[in-house]
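Please prepare a briefing on charged side-chain contacts and surface character for the structure shown here.

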Amino acid sequence: MGGGKVNLSVRIGKLTLQNPVMVASGTFGYGVEYSQLLDLNQLGAVVVKGIRLGSVRGNSTPRTVEVASGLINAIGLQGPGVDGFTNKYWPFLKELKVPTIINIWGTTVEEYAEVARRFDALGGVGALELNVSCPNIKEGGAQFGTDCKLLSQVVTACRKATDLPLITKMSPNVVSIAPYAKAAEDAGSDALAVTNSYPAMAIDIETRRPKLANVTGGLTGPCIKPIAIKLVWEAAQAVKIPIIGMGGIQNAADAIEFMMAGAAAVAVGTANFYEPQTALQVIAGIREYMQKRRLTDSRQIVGSVLTGK
């Protein structure tokens with residue numbers, strides 16, 4: 001068994017992460033909520049809940065429902081808006097030793113660009129994650145990520161608005177992810193996040209009512225992992241930029257599976273709700289896996305799946 005030193009660092013555009021494990025937007029609040037439960041400075045990055053220009057109240061409750069091996073949520077992108085976030089949460093986040101990645105969204109191309117511009121001016125932000133794929137909102141969201149032309153327009157507009165690294169969070173709700181991945185890369189995205197939640201629904205058979213007030217929501221958790229890994233594998237063959245894989249990661253083995261499919265980094269999402277230490281356990285597990293196999297750099301795992309005969 002090897003106990004040698006391993007390099008876990010990952011580059012996303014001009015941003016360097018100390019390790020490839022971050023937390024998925026929407027599952028970690030704004031970082032401060034989890035700060036008593038784990039050492040945030042051990043993460044690769046903190047990724048905060050989606051922010052648009054103004055504040056958003058979100059959907060009515062109930063907004064989450066547990067299903068077999070997963071969770072359906074219809075939060076509705078509730079958030080404080082740029083000013084609310086900057087005043088309430090940024091003073092805490094900017095003091096962290098690890099970068100903060102801010103997930104942003106809008107209902108128009110112009111709003112995306114303006115939010116990007118505002119965070120560019122803030123100073124100290126690690127990167128922006130463009131949420132073009134959220135399936136739970138009635139306006140905007142879903143269509144940006146499922147139309148190559150619109151997707152390209154959003155990324156292009158944000159690229160013009162900021163020098164910060166851009167991560168495009170891809171929609172899984174397309175026939176083939178390859179053309180969308182390529183469109184984001186060509187428009188100037190520095191990385192891709194694959195993937196977001198899947199549209200889903202649950203019904204209470206006693207009342208015959210949907211279990212969510214919004215009727216439908218986004219499915220996440222272990223049940224989506226095999227589908228997400230396939231999307232990462234397909235996207236990795238279509239682009240040269242790094243991919244951040246996510247969807248049902250519960251342990252290091254799950255994360256390594258994503259990396260072998262082509263992900264340079266990973267994000268822990270739903271698991272944060274029931275085991276807040278998951279991301280740290282994943283980091284330790286990747287390190288241990290590499291030491292056992294005498295691997296010196298996490299890049300040796302990336303894309304190493306053997307699909308040939």
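The points below cover salt bridges, then a nonpolar surface patch.

This is a predicted model. It holds eleven salt bridges, among them the pairs Asp190–Arg159, Glu185–Lys182 and Glu288–Lys292. Met201, Ile203 and Val215 make up a nonpolar patch on the surface.

**Salt bridge between a loop and helix H5**

- Aspartate 190 and arginine 159 meet through their side chains in a salt bridge, with an N to O distance of 2.8 Å.
- Aspartate 190 sits in the loop between helix H6 (178-186) and strand S10 (191-194), while arginine 159 belongs to helix H5 (residues 148-161), so the contact ties together parts that are 31 residues apart in sequence.
- Both partners are partly exposed: aspartate 190 has a relative accessible area of 21%, and arginine 159 has one of 23%.
- The cut-off for buried is under 20% relative accessible area, so aspartate 190, at 21%, counts as partly exposed.

**Salt bridges in helix H6**

- The side chains of glutamate 185 and lysine 182 form a salt bridge at 3.6 Å, N to O.
- These two residues are three positions apart in helix H6, which means that about one helical turn separates glutamate 185 from lysine 182.
- Glutamate 185 counts as buried, with 17% relative accessibility, whereas lysine 182 is partly exposed at 34%.
- The pair is part of a network of salt bridges that links Lys182, Glu185 and Asp186.

**Salt bridge in helix H10**

- Glutamate 288 is joined to lysine 292 by a salt bridge in which the closest N and O atoms are 3.7 Å apart.
- Helix H10 (residues 278-292) contains both glutamate 288 and lysine 292, and the two are four residues apart, about one turn of the helix.
- Glutamate 288 is partly exposed at 41% relative accessibility, and lysine 292 is also partly exposed, at 45%.

**Nonpolar surface patch**

- The patch formed by Met201, Ile203 and Val215 has about 250 Å² of accessible area in total.
- Methionine 201, one of the patch residues, lies in strand S11 (residues 198-201).
- Methionine 201 has 46% relative accessibility and counts as partly exposed.
- A patch residue needs over 30% relative accessible area, and methionine 201 has 46%.

Terms used
Residues are numbered from 1 along each chain as its sequence is written. This is a predicted model: local features need pLDDT of at least 70, side-chain atom pairs count only at pLDDT 80 or more; totals for chains, interfaces and linings use all residues. Side-chain values use heavy atoms; hydrogens and water are left out. A salt bridge is a side-chain nitrogen of Lys or Arg within 4 Å of a carboxyl oxygen of Asp or Glu. Buried means under 20% relative accessible area, exposed over 50%, partly exposed in between (1.4 Å probe, protein chains only). Patches are made of residues with over 30% relative accessible area and no salt bridge: like charges are joined within 9 Å, nonpolar side chains (Val, Leu, Ile, Met, Phe, Trp, Tyr) within 5 Å. Accessible areas come from the Shrake-Rupley method with a 1.4 Å probe; for residues, only the protein chains shown count as cover.
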